[in-house]
Amino acid sequence: MANPVLFKSAFTLGMIHFVALWISGTLVSLLAFYYAWGIFTSLWNHGTTSRVAMWVDRITMVVAVVLDFAILYFLPSPWRMYLLAAEASGVVSYLSAKFEIAKGGGSGNPYHVCCHMFATFAHVMILLQLKHSLPPVVIDPIPLPELNVTVPELGPFGLLDLASNFSGIYNATHLTAMYST
């Protein structure tokens, strides 16, 4: 259904997906194709009033959730639990949006945007961890030139670990020594 709020949400969070795909080095893979397909169907659904678009998007998202749960099997144990919670929160947010619409309480947009955000968070974290966890055929069927981007291994607290280690790793002495060669 034509919904500018959800269209903007799908577009913005879709771009975050593409940045994560590029950074993770998985821009050309089966998973990247499916994420791109999901972004396309979401934009199509939220940008039109087509019932075909709505059903194609819903079917795509159901398959995506199943695919995400299958991928979680390959991830290290602490990440599996965090991403399972994010995926489950996304599903609950989507169902809450539909419930709010059904009871006549509003558009359900806040819940649906949360669903987009939970899915994006889960997919970004999956992409940052996958390179080390999945069989090569799933994640990298077409070799890409090496990117000079280093993605740090994130601990169980993700960006909090990265932020707490940043000042210790990249102090002025380290940067001076690194760039003086």
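Me: Is Thr-41 buried or exposed in this model?
Reply: This is a predicted model, where local features need pLDDT of at least 70, side-chain atom pairs count only at pLDDT 80 or more, and totals for chains, interfaces and linings use all residues. Residues are numbered from 1 along each chain as its sequence is written, and side-chain values use heavy atoms, with hydrogens and water left out. Buried means under 20% relative accessible area, exposed over 50%, and partly exposed in between, using a 1.4 Å probe and protein chains only. Thr-41 comes in at 0% relative accessibility, so call it buried.

Me: Which side chain does Thr-41 make a polar contact with?
Reply: Thr-41 sits in helix 2, helices being DSSP runs of H or I with at least four residues, and strands E runs of at least two, numbered from the N terminus. Leaving out residues up to four places away in sequence, it touches Val-56, Asp-57, Thr-60 and Met-61, where contact means heavy atoms within 4.5 Å. A polar contact is a pair of N or O atoms within 3.5 Å; within protein, one must be able to donate a hydrogen and the other to accept it, and residues adjacent in sequence count only if both atoms are side-chain atoms. At 2.9 Å, the side-chain partner of Thr-41 is Asp-57.

Me: Which helix gives the largest share of the largest nonpolar core?
Reply: A nonpolar core is a set of buried Ala, Val, Leu, Ile, Met, Phe, Trp, Tyr and Cys residues joined through side-chain atoms within 4.5 Å. This one has 18 residues, and Leu-83 and Ile-126 have the most contacts inside it. Helices 1 (4–24), 2 (30–47), 3 (51–72), 4 (77–102) and 5 (109–130) each chip in at least two residues. The biggest contribution, 7 residues, is from helix 5.

Me: What does Leu-83 contact, beyond neighbours within four places in sequence?
Reply: Leu-83 is one of the two residues with the most contacts inside that core. Its contacts are Leu-72, Leu-75, Phe-121, Ala-122, Met-125 and Ile-126.

Me: Why is Cys-115 not bonded to Cys-114?
Reply: A disulfide is a covalent bond between the sulfur atoms of two cysteines. Here the cut-off is a pair of cysteine sulfur atoms within 2.5 Å, and the structure holds 0 disulfides. Cys-114 is partly exposed at 33%, while Cys-115 is buried at 14%. The sulfur of Cys-115 is too far from the closest cysteine sulfur, in Cys-114, for a bond: 8.9 Å.

Me: How many helices does the protein chain have?
Reply: From the N terminus on, the elements run α-α-α-α-α-α-α-α. With 0 strands, the count of helices is 8.
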